[in-house]
Amino acid sequence: MASGLGVRAVRSLGQAGGISSGRRLCPACLVFRDIQARQYNHGPSSRQARSSEFAPTPLKPTKSAPKVKVADSLLRAQFQTIFHNPTKSIDSHQALHAAYPLIFRRNIRPLLDPHTKTIPLLVAPILQQADTTDEERRQALVLLGHCYGKVAVDLLFMGPEVQHVAEVFAWGLMLEANRFNNDREKLPVLQDILEPVLKRLADNGATPVLQAPIVAAWVVLRSKTGTSTVPGNAYIWPPQASIAEYLGKVIPAGETVDSYRNEIETLLGKSEEIADRIPRSKDALDSELASMRNRGDWSGIINLWGRVRAGMRDGAVQRQVGILDPSPEVRFPVLASFLLAFKRPFVRSASLSVIINPPPTSFNTCASQVLAKCPRPLPRTIAYTLIFLRVRPDDNVGLRAGHEVMSLDMDERSDASENALENLKATWKETGERDLKMYMMYIEGLGRLGDLHGLQQAWNELVIDEECKKIYLHEERLPSKAPFPPIHALNQMISACLLIPNDGPPLALDLFSQASRPDSAIPCNLITINTVLRHYAREANIEAMSALFNKAGELKLQPDVVTYTTLVQGLLRARRLDLAKGAMDAMQKQGIVPNERMCSMLIADLAKPGTRVGLEHAEEMLKLMHQKNMQTNEVTWTALASGYFRGGWEAGGWEALARMNRLGIKLHRVGYNMLLKQATGSVDSNGGDDDVETIMKLWRRMLHDGVIPNSDSYLIVLTKLVQMDRRKEIEEIMREMRQRGFRPEKGALVRIVESISRRR
């Protein structure tokens, strides 16, 4: 199912430019129609967006227009009015005129980022409309190029979303190239739109992976303009066969793919080879390794390590520059980057439908080669990387309690593997010089793994570690009398203690009590208050939360949005909706504006029980977000829809998903699993046919959206179907599992599949 924004764009295609249904479409138009028919998952990325700019150099418009200076605030308001209104369809021209100016405004350009996957389908129909001016066509292509560049870099060049935006951009270029035919004056304008985008991709750091449609469009433009210069950047090219296949779909009648084969070979053959390249800097190395990990290019990582390892050989010091520099400040961070790549090959990606084979066993050998180049005791950079790998095996974020708005249900403890604690302590013993960053990571690991005695020991070591104190004061440029350990280390210790059931919280609260005394050597800050407040909120302890607010006042610490959100969450958990609304009113009277994360979290908390009153208040919060031009996301809408399904308000759940689609937001796998789980156990569920119908409707929609089920998906659905003895639906699920080649590995799923097999 296409996204809501995409649906509106698709509907406008048939009417674009007065094209009648009987009119024969050109090959490029047929390709675009095929693009529209496909489904892509536009879920958000668990990676953090990388800062890069893709504002193209402004080209001279084909028709001169007066330059009018428009304030950023007016452009922001215009954009938000168009893109943040779920009740109105977005016209293609409105989308273009609202989005295009933002490309060239550095301060407001980030407004485009949440929409770069949906803007192409909104704007592309303009290129088919007969009344579109040449300048509007140029602007549309520039905007498509910006979206492609941003999505490609954010998702490390891989995945269906990148392919989707690349296809739309290439389609637009091909459509205009066919329209210009052999006009040598107009065709270079298209080339000047495409090539700067590709150059910016290359300048970003990692070697760009180009999609076949993009290369095909480049081939056509180079051929038609007679370009013979060699591209100055390196790219990872698609197979020549895929380029030729795409050309066969889009070139107009009278042209043949063979007429472009020489240009394909020239472009791919003359470009700079990447086999012998070594990244110029540590940042470029990290970008290259991340891109390789994202696309599963394990041999590329091994080959790159081989070249770097050879360059690090003894006796070649004079020639060792860049990342081959033997100085400790360069050599050890480079080794740490490779160690991370070999020990943590997979990166979290929004491209959940991309299946990557596991790395070869030779990765372990390569990791050993990296460690062999590290002296003992371990340098700080290497030691920190190894401790990080021990503490965060699932590539999760650090302890964020007190720092940001979080769900009270989030469990930051580790699902400890065998010998995890022993391995962490062994690595800690191998470290040499220890800085505060290493101590805080180690403390986090001990808390996640539940070692309270180890926590106390590590804290005592930190307090008396004079060398660590010296490093900290020097790096932070603080006077010798500055408090040590600093308050953020104490907050880390309190958070870690709170992760340990029973004995942990009393120690954490004792540390807080000491820090909150007037004569404390380490005075607490608002993060300390927020961290302890979250503990009381999870217990729904209204009295303790109230006392903590009073303590914050005594310490002259002003509550922030995290403080109030945590308080409201605790009051909702205590089922005191009246007090929660009062806290919201108090927050607004103090001039604290609710942010998007706060509102989304509260919507989830309000909707979670599935009660009518809770859902009504969740809708009120959602309305407030729209009024404040706040950006909702997949998490917001999934939480709301889940509440409806859990409460048995099925119509409300589907209506919430429809509103989400109208905003161009799509569910990813985690969201679908959440909805499936709620649908299988709604509060008024009697285990009837309605439950099964809802489950199967969600399941089929998930597959239709191109979202690949995982073990949790199969387990949630099959458990309910087996319980209901719905053999027809069970067979449907099992057939899909076989066709996908999915093999159950988790114990619970293995058992339920075996039970199904025995019943046949």
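Two rings of Phe, Tyr or Trp (for Trp, the six-membered ring) count as a pair here when their centres lie within 6.5 Å. In this predicted model, ring pairs join Trp298, Trp305, Phe338, Phe342 and Phe363 into one cluster.

**Ring pairs**

Going by that cut-off, the structure has 17 aromatic pairs. Take Phe79 and Phe83: their planes sit at 20° with the centres 4.4 Å apart, so this pair is stacked. Both residues belong to helix H3, which runs over residues 72–83, and they are 4 residues apart, or about one turn of the helix. Phe79 and Phe83 are both buried.

Now for Phe645 and Trp654: here the planes are at 85° and the centres 5.4 Å apart, so the pair is edge-to-face. Phe645 is buried, and Trp654 is buried too.

**Charges over rings**

Trp654 turns up again with a lysine: Lys697 lies over its face, 4.4 Å from the ring centre. Over at Tyr384, the charged end of Lys437 sits above the ring, 4.2 Å from the centre.

**The annotated repeats**

The unreviewed UniProt entry carries the annotation "repeat: PPR" for residues 560–594, 633–667 and 710–744. Phe645 and Trp654, the edge-to-face pair, have numbers that fall in the span 633–667. Here is how two of the annotated spans look in the model:

| Span | Helix | Strand | Distance between end C-alpha atoms |
|---|---|---|---|
| Residues 560–594 | 74% | 0% | 10 Å |
| Residues 710–744 | 80% | 0% | 9 Å |

Key:
Residues are numbered from 1 along each chain as its sequence is written. This is a predicted model: local features need pLDDT of at least 70, side-chain atom pairs count only at pLDDT 80 or more; totals for chains, interfaces and linings use all residues. Side-chain values use heavy atoms; hydrogens and water are left out. UniProt positions are given in the numbering used here, feature names are shortened, and annotations may be inferred rather than shown by experiment. Helices (H or I, at least four residues) and strands (E, at least two) are DSSP runs, numbered from the N terminus. Rings of Phe, Tyr and Trp (its six-membered ring) pair if their centres lie within 6.5 Å; planes under 30 degrees apart count as stacked, over 60 as edge-to-face and the rest as tilted. Buried means under 20% relative accessible area, exposed over 50%, partly exposed in between (1.4 Å probe, protein chains only). A charge sits over a ring if NZ of Lys or CZ of Arg is within 6 Å of the ring centre and within 35 degrees of the ring normal.
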